[in-house]
Amino acid sequence: MLSSYLYSRTLLFVTCVSIFLFGLIGAYKNKVQLLPDVEPPRISFSVKWPNASEAFLLANIVEPYEKVLNSKLNTLETIKVTFSDESVRFEVQFEYGTNLETTEQKMRTLLSGVRAFPTYVAPLRFHQGGNNVSNQVVGSYFFTSENGQFTQAQTQLIKDIAKKQLVSISGVEKAELFPNLEQRVVIRLKPEQLTAFGLTLGDVQSRVRTLLQDSTGTFEQDAYLYTASYQSVDSISSLQNATLATKLGTVIRLNQIANVSVEATPSKWMTRFNGQSGILVRVLRQKQADLLTIQNAVDEQLALNTTALDVVALNYEITFDTGLFIKRAVWMMVEAISLGFALSLLVSFIFFRRVIPTLLSSLITLLSIMGVLGVLYLFDVSINVISLAGITFAIGMFVDGVLILIEYLDRQPHALKRSPQAIFNAISTMIPALLASTVTSVVVFLPIIFSEGAEGQLFSGLSLAFVSGLLISLALTILIVPVFVHAFMSGEAGQKGRSFVAGKLTHLVLNNIPARLAVIVVSTVVFLSSAIMLLPSLGYLPDIKRDAIDVYIPLKNTESKEKVKEELVEPLNRLIPQLVDGDIKNYYVISLGRLVTVGLRLEDNEQLPQTLAKLKAELPDAFANYNVITIHGNLFGGIEAKNNLKIYLHAHDKQWLAANQDNIKALFNKHLSGVSLRFKPDLTAQKSVYKIIPKFDNASFIGVSEVELKQLFKSLTQSNYLETWSMNGEAINVYMTLGEGQSLSEYANVPYVTQAGRQTYIGELLAFEQTQVIPSQVRFNSSYAIELNIGITDKALSVSDVMSQIEQHIAPELTALFGDKGRFELEGSAASITKAKQALSGMFLFVALSLFAIVTFTLKNYKAGLYVLASLITPLLGGVIAIILLEVMTGIRLDVLSVIGFIIMLGTVANNSILLVDTAARLAESGLAQSQAILQAIAQRKRAVLISSLTTIAGMVPLLLFPSEAGQLYKGIAAIIIGGMAFNLLSIFTVVPAFMAQFGCSSNKSPEIEQQEKHQNEYQGAA
């Protein structure tokens, strides 16, 4: 089959063109992202129940839901429940590999049977994925008013753009508003007027509910069935003027006894942009949608609103342009690929000193790249900096097969190169070693491709690009090289080169037994122990920085909106421009309720380190009563960075936990430095609440039932929900409250008409007492707990360092402190890194066993498998030294993702060992003496080893040197591979020959040859 293919140049041409077009189509139609979607398999949902207390939500929602989910979902890992005012939020996480679509449908079915919701409680809406939606953000747009404050017309236009126009774009999941601009109707009753007309709360509530409720019906007319609807009021003015009858026989309007208005739903959100009040619109894409396409559509839609925005005096500016980061990062990766391509070809030309082999290498590389782009599209893997890094990692290896075959053919007589059959025979001779070296590189990626953790999600695209590229390049090499050599190189004379590698060092290990044994011991015991001892402590995931400064100020549960505004939002709004020496591109200040955050971008990014240092120094003094955290902005994540740890402290006795929170904090501070501690919630920050106590004796005497007392209590709050009303086509909640929002203690002298028509005062029925309560805890896995978030602020610390301190020193003391009161468990990066270490250990074991099995099976030589494994120790030490140097020079530390570089490197460096051992074994089996077989094998393989190593290193150099937002993800991998490849040259020319000389080249030699080599070794030992 292959022999006939050699003469089919037309078919070969069609194949090459098809691969090229396949790649073009894939590149054009595939989606482009900065990073792949990396999310834990998580489903979240919320229940908002007006007027519901935490106790009610716990008994009627939380505990029943936890019970059914724990018993019916087999892949469930954790359930986290967070309480807030009148609502509860569930975050349910599953094992990696869980099908979320199927699981969501099952959850919907299970939970619908637990409890029916009343009409005023919204149905459950499920969201797949975690809270970190950074990779879904299309863009963040700040709207500001030219007048400084927003009018009703302006906010309505922003709502229409976000909630109607942008969400209608294909691929947009939602457009979030901050603040949300939701409105509600509030009916504030006038107690004196109610008393004057003899109206009770029940009278007014009953009448208003009747007005707000829609009625529908059907009737038949002219052979058609019609639907009719009846609505008493359809606008705020019609509601204000709605009539109701009094017990005195008169008819009055609602606005005579109440102030009816449309108001913004209460929210602690506040936004300032470039010193002005702002409204933020954040557009999120669906998981599989192409971000750049959506961003273009969003920009076009906003451009269509230019006139409308001008009319109402609105401006907008994009502050987080994801497309800009993508284009910049992807373009840098394309440049890295191009430079790696050029460098690898330059190395080829320098070694061959001819144009034709270099052109052949160019063709194989180009077609392999195009083939990878097509494969990525075929497997629905986006084009991103990680998948493109896979091409860059492999680009130097695409030409390995070409270089090996050309170098081999260069040593053949001219007459043999003129015969296609001779070329075919040459390829057939080399195929087993080529196949073994390619398969070993492919196999090391299998654990990564099938890994179900965050590492697998992040690097599956890289693995697919690397593996498919190597397989495509191998296939193209076997198919194209014979035709190309026969057509263009049959008359060329090869360059022999000088024998500068197989010099004194190689002869020393071959001819001197003590030196040989020393090499074996040093390269195994010494190098392996050195690699283990020098290996830096392990982090989890690297932070990806962006050109911005972020400031975070966590809030306690006691700060009111006005206090946050006066003490933080407005001072920060004024202070940030004063502290920045250069020109500001834009900045914002946002209060999120429990957190105030600042984002700052400069016109000149060179000034960013200086500005960051200044803000770190001055902001804590300016806001001494708060914990101010200032960091170089992370592209993904925020204050809860990837390398932070989370500990859940479980205790049913909330009072005990609150009393010991400071003791727990002191315990961590005693053993840990260079970290920040944040409790969530902070149980020491008690919040003020009013306790309303019914006066049952007075109520009984006056004739007021307990049901009426509860209704009276609700009417005193801002949460007395009545109905959801359709106003101008928009669903809006209606609330009724008694009075004008005065403090509860002032209600004592407010007149009240009972349902029986008796006039009294609220103070005769209810007593008001202010007290302090501990904030609500979260529930984690059906148990109350608080979160202790440990942020690593010292760059010299890693997650492993902190975990080691916790396990050795803190955990025993914490266990003693808790006793039988509760327990604690590690989550976040702490739990993730533990799982990752176990997974990586399994990967290394798999790689080692696979390499041995593949080499032994392919070459039919078990000694070859052992020698290849032994040859990996030296490059392993080289990779460790390289990552140490990278940390010293750039601050980039070893993390879980960088460790994958060791796995890639080991599969890569094994190739040269395989080819050398295979060549030596074949020569020894042919009858050559062992030392001569080794020397001749080195002489034959030295140029191919050098050129393949240098082309691989050349392909990695751009990844190591090119700046990029996502560079920290792969710089560690590139450094490890370069260091390993460099040290591998030492292994190839000393360690592998030493092992072969000491234990024999082949396990298949005849007894005569073995006896001959034994005598030779004895002679060398005596000498």
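These legends walk you through four close-up views of a predicted model.

**View 1. The largest nonpolar core.** Start with the big gathering of nonpolar residues: the largest core has 152 of them. Those with the most contacts inside this core are Phe 393, Phe 459, Ile 480 and Met 996. Helix H31 (residues 896-925) gives the largest share, 18 residues. Apart from this core lies another one, of 40 residues, including Leu 194 and Ile 732.

**View 2. The neighbours of Phe 393.** Now zoom in on Phe 393, one of the residues with the most contacts inside the largest core. Leaving aside residues up to four places away in sequence, Phe 393 touches Leu 462, Phe 466, Met 956, Leu 959, Tyr 970, Ile 973, Ala 974 and Ile 977.

**View 3. Thr 952 in helix H32.** Look for Thr 952 in helix H32, which covers residues 930-961. Is Thr 952 buried or exposed? Its relative accessibility is 1%, and buried means under 20%, so Thr 952 counts as buried. Beyond residues up to four places away in sequence, Thr 952 touches Gly 396, Met 397, Asp 400, Thr 908 and Met 981.

**View 4. Helix H3 and its kink.** Helix H3 runs over residues 54-72. With 19 residues at 1.5 Å a residue, H3 should span 27 Å, and its end C-alpha atoms are 25 Å apart, which agrees. Follow H3 along to Val 62, where there is a kink of about 30°, shortly before the proline Pro 64. Val 62 is also buried, as are Leu 57, Leu 58, Ile 61, Tyr 65, Glu 66, Val 68 and Leu 69. Among the elements covering the buried residues of H3 are strand S1 (42-48), strand S2 (76-84) and helix H4 (100-112).

Conventions
Residues are numbered from 1 along each chain as its sequence is written. This is a predicted model: local features need pLDDT of at least 70, side-chain atom pairs count only at pLDDT 80 or more; totals for chains, interfaces and linings use all residues. Side-chain values use heavy atoms; hydrogens and water are left out. A nonpolar core is a set of buried Ala, Val, Leu, Ile, Met, Phe, Trp, Tyr and Cys residues joined through side-chain atoms within 4.5 Å. Buried means under 20% relative accessible area, exposed over 50%, partly exposed in between (1.4 Å probe, protein chains only). Helices (H or I, at least four residues) and strands (E, at least two) are DSSP runs, numbered from the N terminus. Contact means heavy atoms within 4.5 Å. The expected span of a helix is 1.5 Å times one less than its number of residues. The bend at a residue is the angle between axes fitted to the seven residues ending there and the seven starting there.
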